[in-house]
Amino acid sequence: LNTSGSNGSKPRLISMEELRFNAYPNPTDGAITLQLPELTTDGILEVYSMDGRLVESNKVPANTNELLLNLRPYSTGLYQLRLVAGEEVRSLKVIVE
């Protein structure tokens with residue numbers, strides 16, 4: 001996958017390792033494990049309900065490969081997880097049963 005910077009810089013090759021952002025099990029009963037991409041800077045993991053409300057935000061230290069997340073306090077339904085680190089943003093959806 002090639003991307004180019006907003007400043008018109010040359011495209012750079014992004015490895016599959018950099019793109020990795022997975023959650024399992026999905027669907028979940030609330031306890032979920034996140035596999036994170038290789039972060040070179042601290043990031044923020046945001047959890048949004050499907051009505052767009054931010055329900056949780058957690059700091060993710062650089063070089064964190066895996067994170068355990070407890071979604072049990074929230075109602076059943078679909079949630080969007082957003083990982084923001086520098087200019088990089090990745091998202092995925094999880095189902096809480």
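In what order do the four strands of the open sheet stand, and is their pairing parallel or antiparallel? I opened the notebook with this point, keeping in mind that I am reading a predicted model.

**Entry 1, the four-stranded sheet.** I traced the order as E6-E5-E8-E9, an open sheet in which the pairing is antiparallel. The edge positions belong to strand E6 (54-60) and strand E9 (88-96), and since each of these has a single partner strand, one side of each is left without a neighbour in the sheet. For the twist I noted an average of 20 degrees from one strand to the next.

**Entry 2, the pairing of E5 with E8.** I then went to strand E5, residues 43-49, and found that six bridges join it to strand E8, residues 77-85, with the two strands running antiparallel. To fix the register I looked up individual pairs: Val 47 is placed opposite Leu 81 of E8, and Tyr 48 is placed opposite Gln 80 of that strand.

**Entry 3, the pairing of E8 with E9.** Here I recorded nine bridges between E8 and E9, again with an antiparallel run, and I noted Glu 88 in E9 as the bridge partner of Ala 85. How many residues lie between E8 and E9 in their hairpin? There are two, and Gly 86 in the turn has a positive phi of about 65 degrees.

**Entry 4, Glu 56.** I turned next to an acidic residue of strand E6, namely Glu 56. Which side chain of opposite charge is nearest to Glu 56, and how far away is it? I found Arg 53 at 10 Å, and because a salt bridge requires a nitrogen-to-oxygen approach within 4 Å, I was not surprised to see that Glu 56 is buried yet has no salt bridge. I therefore looked for polar partners of its side chain, and noted one contact of 2.8 Å with the side chain of Asn 58 and another of 2.6 Å with the side chain of Tyr 74. Setting aside neighbours within four places in sequence, I listed the residues in contact with Glu 56 as Leu 45, Glu 46, Val 47, Leu 69, Asn 70 and Tyr 74.

**Entry 5, the three-stranded sheet.** I also followed a second open sheet, whose three strands have the order E3-E4-E7 with antiparallel pairing. Strand E3 (22-24) and strand E7 (66-70) are the edge strands, and as each has a single partner strand, one side of each is left without a neighbour in the sheet. The twist in this sheet averages 25 degrees from one strand to the next. Looking at strand E4, residues 31-35, I recorded five bridges to E7 in the antiparallel sense, with Ala 31 having Asn 70 of E7 as its bridge partner. Asn 70 had already come up in my list of contacts of Glu 56.

**Entry 6, the chain overall.** I closed with the totals, which give one helix and nine strands, following the pattern β-β-α-β-β-β-β-β-β-β along the sequence. What share of the 97 residues counts as buried? I noted 32%, and for contacts between residues at least 6 apart in sequence I noted that 46% join residues at least 24 apart.

Definitions and conventions:
Residues numbered from 1 in each chain as written. Predicted model: local features only at pLDDT ≥ 70, side-chain atom pairs only at ≥ 80, totals over all residues. Heavy atoms only, no water. Pairing = 2+ DSSP bridges. Axes fitted to C-alpha atoms, helices over the stretch in contact; angles between N-to-C directions. Buried < 20%, exposed > 50% of the residue type's maximum accessible area, 1.4 Å probe, protein only. Lys, Arg positive; Asp, Glu negative; His and termini not counted. Polar contact = N/O pair within 3.5 Å; in protein donor to acceptor, adjacent residues only side chain to side chain. Contact = heavy atoms within 4.5 Å.
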